[in-house]
Amino acid sequence: MSVTRTFAEVKKVILSAHRNTGADDKVGFYDTWADNYDQDVGILDYRAPNLAANCLSCSFHGDREEAVVLDVACGTGLVAAQMKKMGFGHFVGVDGSKGMLELASNTGLYQDLRHCTLGVESLPVQSGSFDLVVIVGALSVGQVPVVVVRELCQAAKPGGYVCMTTRGNHDNVDYKASLERELDLMEVEGLWCRVMVTEVENWERAVSDQEDGYIPGAVYLYQRSLRQRSTSSSSPPK
């Protein structure tokens, strides 16, 4: 059962997560946080789900009802909820937290939900299966390793879109730089091409004692190349 919290209480919760560095610790934190997650990110004025959904909506010109969306690190379903309002209707969700997946299941938005600890296990999807792939919130220091973006690209159909987000505040600067180097390298390798990168000043309310107001963030949109060197398939669907 969720409880109403103040911003100071939510800030304390977020900062406690930063001390959980192991994969098991992170999963345990999100399992515990699941019931309060939607309410707490609302207090943070967390804008990434809406920004990512808008980015995909503006760029995708196919049949939205038929398009298959892979929602990676789907959490409770905030991104899918936004995309549903924009006409998308077929979602497959992946998350490492069973508590989050249970709440995502309760939304009725997903046709399939799969449990996977990103960076520890391979993404449990068929290569080249998805019209759109989106990951919001997980690409940051202490969360998901940068190399996971290669699995996201592989999951997309040739010509499919991959939308990613990350924070731009001081403790995520090095991760953001590493992420952008990997995205650029993959473009040089011919795996995908950049469609747009949007830097956002007011991403969410700052929780660090070293920051005030809002922290920045970024939305990245790439399109998988129609032709590229063949790669081995990801794990088959469960």
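1. A crossing of two helices is called left-handed if the near helix is turned anticlockwise from the far one by less than a right angle, and right-handed if it is turned clockwise. In this predicted model, helix α6 passes α7 in a right-handed crossing. Helix α6 covers residues 148-155, and its axis lies 10 Å from that of α7, with a packing angle of about 40 degrees. The two helices are therefore oblique to each other.

2. The contact between these two helices can be followed residue by residue. On the α6 side V149, R150 and C153 take part, and they meet L179, E182, L183, L185 and M186 of α7. Sorted by class, the residues of this contact of α6 with α7 comprise six nonpolar, no polar and two charged.

3. A second helix pair is formed by α3, residues 48-59, and α4, residues 78-85, whose axes come within 9 Å and cross at roughly 40 degrees. That angle makes α3 oblique to α4, and the crossing in which α3 passes α4 is right-handed. From α3, the residues P49, N50, A53 and L56 meet L78, V79, Q82 and M83 of α4. By class, the contact of α3 with α4 divides into six nonpolar residues, two polar and no charged.

4. Which cysteines of this chain might a reader check for pairing, and how many disulfides does a search of the whole structure find? The search finds zero disulfides. C55 is in no disulfide, and the nearest cysteine sulfur, which belongs to C163, is 4.2 Å away; a pair would have to lie within 2.5 Å to count, so this separation does not qualify. C55 counts as buried, at 8% relative accessibility. C153, which was named above among the α6 residues that meet α7, is likewise in no disulfide, and the nearest cysteine sulfur, that of C193, is 10.0 Å away. C153 is buried as well, with a relative accessible area of 3%.

5. V162 sits in strand β5, which spans residues 156-167, and is buried, with a relative accessible area of 0%. Leaving out residues up to four places away in sequence, V162 touches V133, L152, C153, A156, W192, Y220, L221 and Y222. C153 thus appears both in this list of contacts of V162 and in the contact of α6 with α7. The C-alpha atoms of V162 and R5, which are 157 residues apart along the chain, are separated by 34 Å.

6. N169 is placed in the loop between β5 and α7, the latter being residues 173-188. Is N169 buried or exposed? At 6% relative accessibility, N169 counts as buried. When neighbours within four places in sequence are set aside, N169 is in contact with E211, I215 and P216.

7. Two residues other than glycine deserve a look at their backbone, since each has a positive phi. For D45, phi is near 55 degrees, a positive value, and D45 lies in the loop between α2, residues 23-43, and α3. D45 is partly exposed, with a relative accessible area of 26%. For A73, phi is also a positive value near 55 degrees, and A73 lies in the loop between β1, residues 68-72, and α4. A73 is buried, with a relative accessible area of 18%, a value that falls under the 20% limit for that class.

Technical notes:
Residues are numbered from 1 along each chain as its sequence is written. This is a predicted model: local features need pLDDT of at least 70, side-chain atom pairs count only at pLDDT 80 or more; totals for chains, interfaces and linings use all residues. Side-chain values use heavy atoms; hydrogens and water are left out. Buried means under 20% relative accessible area, exposed over 50%, partly exposed in between (1.4 Å probe, protein chains only). Axes are lines fitted to C-alpha atoms, for helices over the stretch in contact, and angles run from 0 to 180 degrees between N-to-C directions. Helices (H or I, at least four residues) and strands (E, at least two) are DSSP runs, numbered from the N terminus. Angles under 35 degrees count as roughly parallel, over 145 as roughly antiparallel, 65 to 115 as roughly perpendicular and the rest as oblique. Contact means heavy atoms within 4.5 Å. Ala, Val, Leu, Ile, Met, Phe, Trp, Tyr, Cys and Pro count as nonpolar, Asp, Glu, Lys and Arg as charged, and the others, Gly among them, as polar.
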